[in-house]
Amino acid sequence: MSCARKFPGKKRGFTLMEVLVAVAITGLVVSAGFRLIAMSMKMMAELESERRLMSAAQIIWLRFRNERDMTDTGFDDENNIRWESEHDSIPIEEWELKYKKVRITLGDDNSRSTFIYVAD
């Protein structure tokens with residue numbers, strides 16, 4: 001005996017409209033998930049680049065503090081770091097505070113750079 005005979009007037013299954021709505025909602029959820037994953041990957045790449053730049057700045061700062069004969073411009077082949085420095089000073093009452101403003105750039109990414117200040 002078929003189900004149609006047991007329950008006369010009852011519908012079996014989903015209508016086309018219900019299936020289309022379910023597919024649309026599923027598509028929106030999947031699309032939002034992929035967008036979140038893509039944004040997360042981009043943010044991770046930016047954070048990694050920033051971390052590498054800060055690490056490079058720390059390396060150069062330590063070299064300026066420890067090596068008195070550091071050149072004003074240079075390139076560190078081992079760490080792929082480029083730097084340029086300029087001498088400047090700030091007058092404070094009766095004396096001047098001399099310092100170097102050092103621009104640090106990673107060799108493979110010229111768009112990202114940072115500045116550090118080292119006492120002269």
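Over the ring of which residue does the charged end of Lys-101 sit? The charged end of Lys-101 sits over the ring of Phe-115, 4.7 Å from its centre. A charge counts as sitting over a ring if NZ of Lys or CZ of Arg is within 6 Å of the ring centre and within 35 degrees of the ring normal.

The model is predicted: local features need pLDDT of at least 70, side-chain atom pairs count only at pLDDT 80 or more, and totals for chains, interfaces and linings use all residues. Residues are numbered from 1 along each chain as its sequence is written, and side-chain values use heavy atoms, with hydrogens and water left out.

**Helix α2**

Helices (H or I, at least four residues) and strands (E, at least two) are DSSP runs, numbered from the N terminus. Helix α2 covers residues 16-66, and its 51 residues should span 75 Å at 1.5 Å a residue; the end C-alpha atoms are 75 Å apart, which agrees. The expected span is 1.5 Å times one less than the number of residues. The buried residues of α2 are Ser-49, Leu-53, Ala-56, Ala-57, Ile-60 and Phe-64. Buried means under 20% relative accessible area, exposed over 50%, and partly exposed in between (1.4 Å probe, protein chains only). An α-helix has 3.6 residues a turn, so residues three or four places apart point the same way.

**Strands and hairpins**

Two strands pair if DSSP finds at least two bridges between them. Strand β1 (residues 73-76) runs antiparallel to strand β2 (residues 81-92), with 4 bridges joining them; Phe-75 stands opposite Arg-82 in β2. Strand β2 is also joined to strand β3 (residues 95-106), again antiparallel, by 12 bridges, and Ser-85 has Val-102 in β3 as its bridge partner.

The β1-β2 hairpin has 4 residues between its strands, and the β2-β3 hairpin has 2. A residue in each turn has a positive phi although it is not a glycine:

| Residue | Loop | Phi | Relative accessible area |
|---|---|---|---|
| Asn-80 | between β1 and β2 | about 60 degrees | 29%, partly exposed |
| Glu-93 | between β2 and β3 | about 50 degrees | 81%, exposed |

**Aromatic pair**

A search of the whole structure finds 1 aromatic pair. Tyr-99 and Tyr-117 form this edge-to-face pair, 5.8 Å centre to centre with 65 degrees between the planes. Tyr-99 lies in strand β3 and Tyr-117 in strand β4 (residues 109-119), so the pair ties together parts that are 18 residues apart in sequence. Rings of Phe, Tyr and Trp (its six-membered ring) pair if their centres lie within 6.5 Å; planes under 30 degrees apart count as stacked, over 60 as edge-to-face and the rest as tilted. Tyr-99 is buried, with a relative accessible area of 16%.
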